[in-house]
Amino acid sequence: MPELPEVETVRRGLQKLIIGNQIVAETHATDKSFPNEANEVAEFLLGTTVTNVRRRAKVLLIDLSSKYTLVTHLKMTGQLVYLGAERFGAGHPNDSLIGVLPDKSTRVTLTFSDNSHLYFNDQRKFGWMRLLPTFAVPEIDFMKRVGPEPLEEVFTSREFIPRVRRRAGTSIKAAILDQTVLAGVGNIYADESLWGAKIHPASIVRELSDKKLVDLLTEIKTVMLLAIEKGGSTDRNYVNAEGKRGSYIDFARVFRREGLDCPRCGTTIEKTRVAGRGTHFCPVCQVQ
DNA sequence: CACTTGACCTGTCCGC
DNA sequence: TGCGGACAGGTCAAGT
């Protein structure tokens with residue numbers, strides 16, 4: 001599911017909902033979803049309060065007063081949903097995509113002292129949640145290897161171009177999906193950005209001019225900002241911290257629009273496979 | 001080293 | 001309505 005804009009939307013929601021909350025209980029379905037030992041949980045999670053909610057790449061970081069951090073990767077179908085005490089057991093209000101929680105996809109449940117809850121749901125079980133000392137978070141393999149945040153103003157084409165060019169022999173789509181090149185781009189925003197920059201997703205990196213790569217970085221930043229503004233994309237499972245959908249998909253130009261008209265030139269959008277992923281593009285305005 | 005493919009899981013959709 | 005296969009927003013290990 002979630003790419004940078006979705007995780008950022010969840011982060012913003014949780015920041016409003018759980019900062020200052022005290023955690024009083026934790027349960028998990030399997031050790032794969034939450035591998036920490038019970039004694040670590042008792043010592044560094046239970047009784048602590050949430051001090052901050054951060055994001056790095058597609059990883060969500062919930063800092064605790066114990067100087068530990070709950071590190072969560074939602075992978076394809078993960079959700080972090082908060083339910084206030086007044087709704088507990090009653091399902092979600094309004095336009096939520098979520099029914100009564102916990103449900104069969106619930107992997108981890110945190111209970112706060114006011115009897116509100118945070119649920120980590122994950123249909124496909126690819127995601128995980130781990131308790132780590134806050135200082136140790138940057139030391140995990142993923143954090144050591146992951147590239148720069150695309151929305152940092154200091155991240156410009158000066159840095160982007162040499163990083164993409166390390167993947168000279170592969171497709172540009174594979175290059176920008178590579179989290180060590182830059183952080184946070186996934187399948188939806190890769191397709192959307194490449195359309196914006198008029199680059200065919202299968203173009204080989206070494207064949208692309210620097211100017212094209214400059215355009216691409218501009219598009220990545222623009223698309224990510226718009227997607228955050230729209231609360232992310234709900235293609236299937238994604239919901240924010242309140243269980244609600246994101247609406248970027250209504251503004252998508254190519255993603256999941258195969259058979260429809262390109263909004264720029266009117267040509268029928270095609271779907272193919274690039275870098276092992278379903279890939280949407282306009283065969284006329286996105287040239288190799 | 002650079003690059004590609006399959007594996008991890010469950011659910012849904014599509015064609016027969 | 002049932003059944004098999006393909007596919008789904010991410011990452012990693014293992015293969016070439």
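In the predicted model, a polar side-chain atom of Thr170 is placed 2.7 Å from a phosphate oxygen of DNA strand B. A phosphate oxygen of DNA strand B is also approached by Gly169, here through a backbone N or O atom at 2.5 Å. Gln123, by contrast, brings a polar side-chain atom to 3.4 Å from a sugar or linking oxygen of DNA strand B. The residues around this strand are Lys104, Gln123, Arg124, Lys125, Phe126, Arg166, Arg167, Ala168, Gly169 and Thr170, and by class they comprise five charged, three polar and two nonpolar residues. Sugar or phosphate supplies 67% of the atoms of DNA strand B that lie within 4 Å of the protein, the remainder being base atoms.

The surroundings of DNA strand C comprise 24 residues, of which Lys58, Arg236, Asn237, Tyr238 and Arg277 come nearest. For this strand, 56% of the atoms within 4 Å of the protein are accounted for by sugar and phosphate. The surface near DNA strand C is made up of ten charged, seven polar and seven nonpolar residues. Contacts to the bases of DNA strand C include one from Ser233, whose backbone N or O atom lies 2.8 Å from a base nitrogen, and one from Asn237, whose backbone N or O atom lies 2.6 Å from a base oxygen. At the backbone of the DNA, an N or O atom in the side chain of Arg277 is found 2.7 Å from a phosphate oxygen of DNA strand C. Two or more residues of this surface are contributed by each of the elements α3 (141–145), α6 (187–196), β9 (270–274) and β10 (277–281).

Turning to the fold of the protein, four strands form an open sheet in the order β1-β6-β7-β5, and their pairing is antiparallel. The edges of the sheet are occupied by β1 (23–28) and β5 (78–83), each of which pairs on one side only, and the twist from one strand to the next averages 15°. Between β1 and β6 (residues 106–112), the antiparallel pairing extends over five bridges, and Ile23 stands opposite Phe112 of β6. Helix α1 (residues 4–18) packs on the sheet, where it touches β5, β6 and β7 (117–122), and the direction of the helix makes about 25° with that of β5.

Note on methods
Residues are numbered from 1 along each chain as its sequence is written. Chains are lettered from A and ligands numbered from 1 in the order in which they are written. This is a predicted model: local features need pLDDT of at least 70, side-chain atom pairs count only at pLDDT 80 or more; totals for chains, interfaces and linings use all residues. Side-chain values use heavy atoms; hydrogens and water are left out. A residue is near a molecule or strand if one of its heavy atoms lies within 4 Å of it. A polar contact is a pair of N or O atoms within 3.5 Å; within protein, one must be able to donate a hydrogen and the other to accept it, and residues adjacent in sequence count only if both atoms are side-chain atoms. Ala, Val, Leu, Ile, Met, Phe, Trp, Tyr, Cys and Pro count as nonpolar, Asp, Glu, Lys and Arg as charged, and the others, Gly among them, as polar. Two strands pair if DSSP finds at least two bridges between them. Axes are lines fitted to C-alpha atoms, for helices over the stretch in contact, and angles run from 0 to 180 degrees between N-to-C directions. Contact means heavy atoms within 4.5 Å.
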